[in-house]
Each structure stands twice: as structure tokens, then as C-alpha cells.
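Let's take a friendly walk through a protein model, one feature at a time. Keep the structure open beside you and follow along.

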Amino acid sequence: MGRSWGSKPFTAEDTGFHGVKHFWSIVCWRVCGRSLGIFLFVIPGFFVAPAYLAFKAPEQAPPPTFYKDVLPILQNHCQSCHRAGEPAPMPLMTYEQTRPLAGKIAAAVEMKMMPPWFADTRYGKFANDSSLTAREIATISDWDKAGAPAGDAGGAPGPHLWTDGWNIPSPDAVVKMPRPVAIPARGEVEYTYEIVPTHFAEDRWVQMVEVRPSSPEHVHHAVVYIRPPDSNWLKHAPVGEAFTASDLSDPQERRQAHETTSDLLLVYAPGSAPDKFANGMAKFVPAGSDLVFQMHYTTNGEAASDETSAGLVFAKSAPMRRVITLQLNQHALMIPPGAEDFRVEVQGTLPNDCTLLSLFPHMHLRGTRFEYDIVRDDGSVETLLRVNYHFHWQLSYKLAEPRLLKAGTKLRAVAWYDNSAKNPHNPDPEKWVTWGDQTSEEMMVGFFDVAVPAGMDKWKFFVRQ
């Protein structure tokens, strides 16, 4: 029989800790006729309480509240679209606006439908990544489950100071189509153009630009081109009024409406954000230039009109780097009827050094995925971006760290299409699909912005050194 607890104090020998200057004692008492002993570990000058005495049931964390937990998420990820005058159908600025939608908001973020962000997380890091973290998703979900409590309004963050009517600071110049374009209730609308003089008396460097249609629900996309004063592009087309290629009498100018070497100021599509270039980078608009608005309108059963504007914020000083927009196109599209996963690619080689800033894929209703790659001489591939394409949310993906690309770098764009009946957006799964302007046709365009020396325009960039 071993010694009973309490017969004498335990020593180091009793515990097996030989030669260690620790002191043990036993506290014993009888409960229901049994001796119970609790170890107390004593170090000179310290007392460690028994584990059972220190144990305390964890307190239930209070549920998230709107003002403390949810409102900051809305300000950072949602209110750029979900406020008055923006494309989202409901504002999420106040508790009263948000509370009735708590369940729908929670469901949308749990399914990662909102905020819209479609980049595959395995490839690239992007400065404008609007996706929520797992913790932010859990916060909104828990807030909904708790009954969407308001909490203390005094703990709310200060309101985000949005510029009225813009997602950029107050523009230095607004270039607006002088005449509204009538949009029918039904049918297809041919690409519509308006040439608008800037009346700039001096060269301008544009550091921020935003395109704002007055009827965004009818705009499939808009491309705003910079037409310098010495350009012959659409030289005889009317200025200050809407026209289509069919309205032009010159066959060459009818073709020119669909192809140009002029630089782009901005590409707008549903869900796209303004361009905001880092200090030292800007787009160049020569004095006396025109802006050419190319508008692709779609009908939705209601007649309307649109008068699109472009807001420009000028750089405070001449930058060291000029931003130009390039693109990889594959016009030779032939997508077979019923094809579920049809692959199309195009590639090109950069003629000069440049710094890659952003990537903007564009397809129509059959597009499912889009990818940008660097293809090396040994055949290896580095994927820069892969997106699960969403026609109604066409985004520009801005690199978190701009990427220097040397002359000779081979860039590839790859697109996949679903022309089968399984695609719920497919206008006609029994049709051979080719390149075309309308959404019932298809496109394959990989826009990308690069920065080059300030004195280099697009023409000079394509002169190989």
C-alpha cells in the first residue's frame, strides 16, 4: 500500500523531480467520506492556483451590431455602388435602409455573390480586391442571425465623404455628350458615337477619370477615345451629335468607326471602377483634342435616353510615366453550336519595356472564364489573372504591385465560352457564333494598361528598339 495523501508532505523524491528546488504541498479534506487532494504548485514568491479554481466558463461574445461591426464593412466594400445615384438598386447607407435586407445581404455575402469580385485567388494580388474576408462574412452572417441589432449609434465610424455624383474627387473638367441619345424600348441598337471637343487650351495629364452614363441600365459598355487635333480618324463625322456607322456616307469612315489606333481614355462596363493612377503616372490628352464616346446601348423593354459624361482630375505636375491602354483581340471567333467549354486564345510580344498596371477582360453572354498569361521561351506559363467571367459585372483588375515587363515578353489571353443550352444566358445555342458588336454575338478582348516613359505615345511604343 502506498502512503495515503496527507500522511506527510510530498517531496521532490515523491514526484520524481529529483534535485529540483520546487515545493509541493497537498491540501486535503474529506467530502462524503473520501479524502480529496488538490495540488498546489508553489515557487518562492509565486502562487499558482489549482486548475479547477482558475477555470471559468467562457463568456458568450455579444452579437455584432450594425453601427460597430457592419457599417464599416458597408462603407469599405458596398456603398460605392449602394447609395443614391449609383447603379445598385438599393442604398445601404443607414440602419433603416439596411435592416430589412439583412437576410438577403447575409445570403449574398455567404455565396460570395457580393461584393462582385471574380478573380481566382490562386493567381495574382490586386489593389482593388473588393471581396470580403472570412471574418467579415461571419460578422454579417452572425448579425443577421442575431436579429440585425442596431447597437450604439455613438460607436459608429464617421460617414464616408463621397463626392456628390462621382466616385473620384470633384473633377477638374467634365466632358459631357451635348445631346442625349434616344434608346428604344426593344430591339438591337447599333453602336452610337458622339464626338465632343474638350476645348483644352493646353496639354492635360489626367490622373483620374470616371465615365458616368445617365442611364446605366441601358449601357452594355462605353469606350472613350482621345482624338488628337491632327488625327484623321472620323474626320468627316459630325461633331456634337449622335451618329452610327450606318449614318456615315464614306465607306472608309464606316470601317473606321470600328477600328482605330487612337488611345483610350477609359473603358466603362457594368461594375467597372474609375481609373485612379499613382502619383507620377497619368494619361495624356493633347491640347485641342476631342473625346469620342463609343456607346453600346441595350434595350430592356423601357424607352429611355442617355447623356454620358466623363469626369477628369488633372495631375498636379507633369508625370514621369504615361499610361496607355493596349489590348489582345481575337477577331477570328467561330464558336460551334452546343459547345460547352470552347477555348480561344491570342498572344503578342511586347516591343518595348513597360510596367503592367491593370487587366480588363471583355466578352459577351457566352463568356465563362478569361485568363492572362506570360508565356516563356521554355514553354512555361505564369498566370497573371484568371476570372470566372460575369457579363453583368465587368471589372478592371488593378495589380497590387505594378509589374515590370521587358521588351520581348510574350503575353497571352485565353477565353472560354459556353454556347450550349446549359448556359441560361445563351441567346441561341444552335447558332455558330462569330465576332460582332451585339450581345447576341461575341467578343474576345483583353484590355491592359501599361506605363511607359512620358514622351512615348502608342505609336512609338510599337517601334521595336
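Strand β4, made of residues 173-176, runs antiparallel to strand β14, residues 309-314, and four bridges join the two. One of these contacts is easy to look up: Ala173 has Leu312 of β14 as its bridge partner. Please keep in mind as you look that this is a predicted model.

Which residues of β4 sit on its covered face, and which on its uncovered one? Ala173 and Val175 make up the covered face, while Val174 and Lys176 belong to the uncovered face.

**Unusual spots in the backbone**

Now for some backbone angles. Most residues other than glycine have a negative phi, and most peptide bonds are trans. With that in mind, have a look at the loop between α5 (102-110) and α6 (134-145), where Pro115 lies. The peptide bond leading from Met114 to Pro115 is cis, and its omega is near -15 degrees.

Lys112 is also found in the loop between α5 and α6. Its phi is positive, about 60 degrees, although Lys112 is not a glycine. Is Lys112 buried or exposed? With a relative accessible area of 60%, Lys112 is exposed, because the cut-off for that word is over 50%.

His199 is another residue to visit, in the loop between β6 (192-197) and β7 (204-212). Here too phi is positive in a residue other than glycine, with a value near 60 degrees. His199 has a relative accessible area of 68%, so it counts as exposed.

**Empty space inside**

Next come the spaces between the atoms. Rolling a probe the size of a water molecule over the atoms shows where empty space is left. How many cavities of 30 Å³ or more does the model have? The count is two.

The largest cavity has 14 lining residues, and those nearest its centre are Val267, Asp275, Phe360, Ser396 and Asp449. Three strands, β9 (264-268), β17 (354-362) and β22 (445-453), each give at least two residues to this lining.

The second largest cavity is lined by Pro361, Val387, Tyr389, His390, Trp393, Gln394, Leu395 and Tyr397. You can try sorting these residues into classes yourself and then check your result in the table below.

**A pocket to explore**

The second largest pocket is an open space of about 820 Å³. Its lining has 37 residues, and Thr260, Gln327, Asn329, His331 and Phe447 are the closest to its centre. Several elements each supply at least two lining residues: β8 (219-227), β9, β15 (321-329), β16 (342-349), β22 and α8 (458-461). Which of them gives the largest share? That is β15, with five residues.

Two names may look familiar here. Strands β9 and β22 contribute to the lining of this pocket, and they also contribute to the lining of the largest cavity.

Here are the three spaces side by side:

| Space | Volume | Nonpolar lining | Polar lining | Charged lining |
|---|---|---|---|---|
| Largest cavity | about 130 Å³ | eight residues | three residues | three residues |
| Second largest cavity | about 30 Å³ | six residues | two residues | no residues |
| Second largest pocket | about 820 Å³ | 21 residues | 13 residues | three residues |

To finish, try finding Phe360 beside the largest cavity and then Pro361 beside the second largest cavity.

Notes: Residues are numbered from 1 along each chain as its sequence is written. This is a predicted model: local features need pLDDT of at least 70, side-chain atom pairs count only at pLDDT 80 or more; totals for chains, interfaces and linings use all residues. Side-chain values use heavy atoms; hydrogens and water are left out. Buried means under 20% relative accessible area, exposed over 50%, partly exposed in between (1.4 Å probe, protein chains only). On a 1 Å grid over the protein atoms alone, a cavity is a set of points where a 1.4 Å probe fits but cannot get out, and a pocket is an open set with protein on both sides within 12 Å along at least five of seven lines; lining residues have an atom within 4 Å of a point. Grid points are joined across faces, edges and corners, and a volume is the space filled by probe spheres set on the points. Ala, Val, Leu, Ile, Met, Phe, Trp, Tyr, Cys and Pro count as nonpolar, Asp, Glu, Lys and Arg as charged, and the others, Gly among them, as polar. Two strands pair if DSSP finds at least two bridges between them.
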